[in-house]
Amino acid sequence: MTVDIGSPLALPCGATLKNRLAKGAMTEGLGDPLNRATEGHVRLYKRWAEGGAGMLLTGNVQVDRRYLERPGNVAIDGPQSNEAIAALRAYARAGTENGTHLWMQISHAGRQTPASVNKEPVGPSDKALEMPGSQFGKPRPLTGVEIEDVIRRFAHAATIARDTGFTGVQIHGAHGYLISEFLSPDVNTRTDEWGGSLENRARLLLETVRAVRRAVGDDFPVSVKLNSADFQRGGFSHEDAIRVAAWLDAEKLDLLEISGGTYEQPRLVGLDDMTLHPEKAEVRRESTIAREAYFLEYAKDIRAAVKMPLMVTGGFRTVAGMNAALASGTMDLVGIARPLCVDPAIPGKLLSGAAAETPAYEKTLRLGPGILGPHSPINMLKALNGWGQQGWFCLQILRMGEGKNPDPKMGVFTAFRNYAKNEARAAAAMQR
Ligand SMILES: Cc1cc2nc3c(=O)[nH]c(=O)nc-3n(C[C@H](O)[C@H](O)[C@H](O)COP(=O)(O)O)c2cc1C
């Protein structure tokens, strides 16, 4: 029988997703100044759950409030107040309506913690991001004792997720956050058991997976999001990714999500180099750039090395493209993120045949690489455009959190300005 987007997916732990469309994780920025969930999450996830996807991944929930990805993150670190637990329960209830799975993505931002949150982030080593401006401080290398603490924090957050009604967890091992920094030989220059060989660099990820599995039990979905490559010369390579995926396959993992890139190389959203040293960027395979889902070629290599279910996220836009990717056997679950910022009901429309593709919002966002070219030396402008585009999606999410409809006509420069204002306000509220 041919698999398509409407086919259910049975996971190794025994849970079943009602169809093959999953909403990719997107940071919401809806947490309160104490980094608790709010009514905004309830409104947003109710809408997304009604939208028809089989599974929703939450935006990254932080395991350490000192190292957020953004001021409005939800953080779960240490004992939770009654209010915080009640807010998580309401969030989980809303996101699991309509038979939807809601998995909490848990993360530690590492050196990608913005300076507005913490001027001295932490990382495997002291290598700072090589991006224009001074949004990110120089990281302090974690001690061995602190690394063990990070692992315990992931397990704790996963336990709270399970106990408050989320139906799965995903460990964020991609996009240049802490676990992905440890995987990268470029960022991780440690000489102890947490650095050096790939075995050592992958130790944090693997130990975290084991600790989380021990904490939540065998019947609860556990997933990892992993880069197919960092696309940075000297970084976590595609060959490394294939080996790490094979190691993960030997753990009891329910789903491996394939993505790629970092803040410096934001390939996850199809953008190219953002660093002060564009010569260090690794070019994507041509065939991958041309096709709809830009990590599918990489996923093929990973599929050959593993048996566990695979999800691929990045660029999926047409039912035909999604069904072809599923029917090929390369992957088992289609990840879609940005289109759900424009039409939260799009999964249901794709499933019913009411729509053959996702909304074409990209036209509003042509400014960035379209004008400047992928290897433009104008790094600051490129960064502004990149953050403007990111801000555009973030503002649509905030609108839905307020109970409004998305505004697809919003301009990208307006988005940049309003997003920057919103983030500054959220950072100031946290300091009070
Ligand atoms: C506004 C926004 C926020 C995002 N936040 C996260 C996040 O918290 N965790 C994560 O793993 N990926 C995050 N991503 C990446 C998406 O999950 C996804 O990998 C990417 O958008 C590519 O998929 P798409 O082409 O369907 O949008 C974010 C992307 C956007 C646009």
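I began by fixing a term: a polar contact is a pair of N or O atoms within 3.5 Å. I kept in mind that this is a predicted model, in which local features need pLDDT of at least 70, side-chain atom pairs count only at pLDDT 80 or more, and totals for chains, interfaces and linings use all residues. Residues are numbered from 1 along each chain as its sequence is written, and side-chain values use heavy atoms, with hydrogens and water left out.

**Ligand site**

I looked up the polar contacts of the ligand and found a backbone N or O atom of G315 at 2.8 Å from a ligand oxygen, a polar side-chain atom of R338 at 2.6 Å from an oxygen of the ligand, and one of Q105 at 2.8 Å from a ligand nitrogen. On its own the ligand has 620 Å² of accessible area (Shrake-Rupley method, 1.4 Å probe), and the protein covers 98% of that.

**Helix pair**

I then turned to helices, taken as DSSP runs of H or I with at least four residues, numbered from the N terminus. The axes of α3 (residues 144–163) and α6 (residues 203–216), which are lines fitted to C-alpha atoms over the stretch in contact, with angles from 0 to 180 degrees between N-to-C directions, come within 8 Å and cross at roughly 35°.

Which residues of α3 meet α6? Counting heavy atoms within 4.5 Å as contact, I noted I147, V150, I151, F154, A155, A158, T159 and R162 in α3, facing partners in α6 that include L204, E207 and V216.

Methods
Polar contact = N/O pair within 3.5 Å; in protein donor to acceptor, adjacent residues only side chain to side chain. Helix = DSSP H or I, 4+ residues; strand = E, 2+ residues; numbered from the N terminus.
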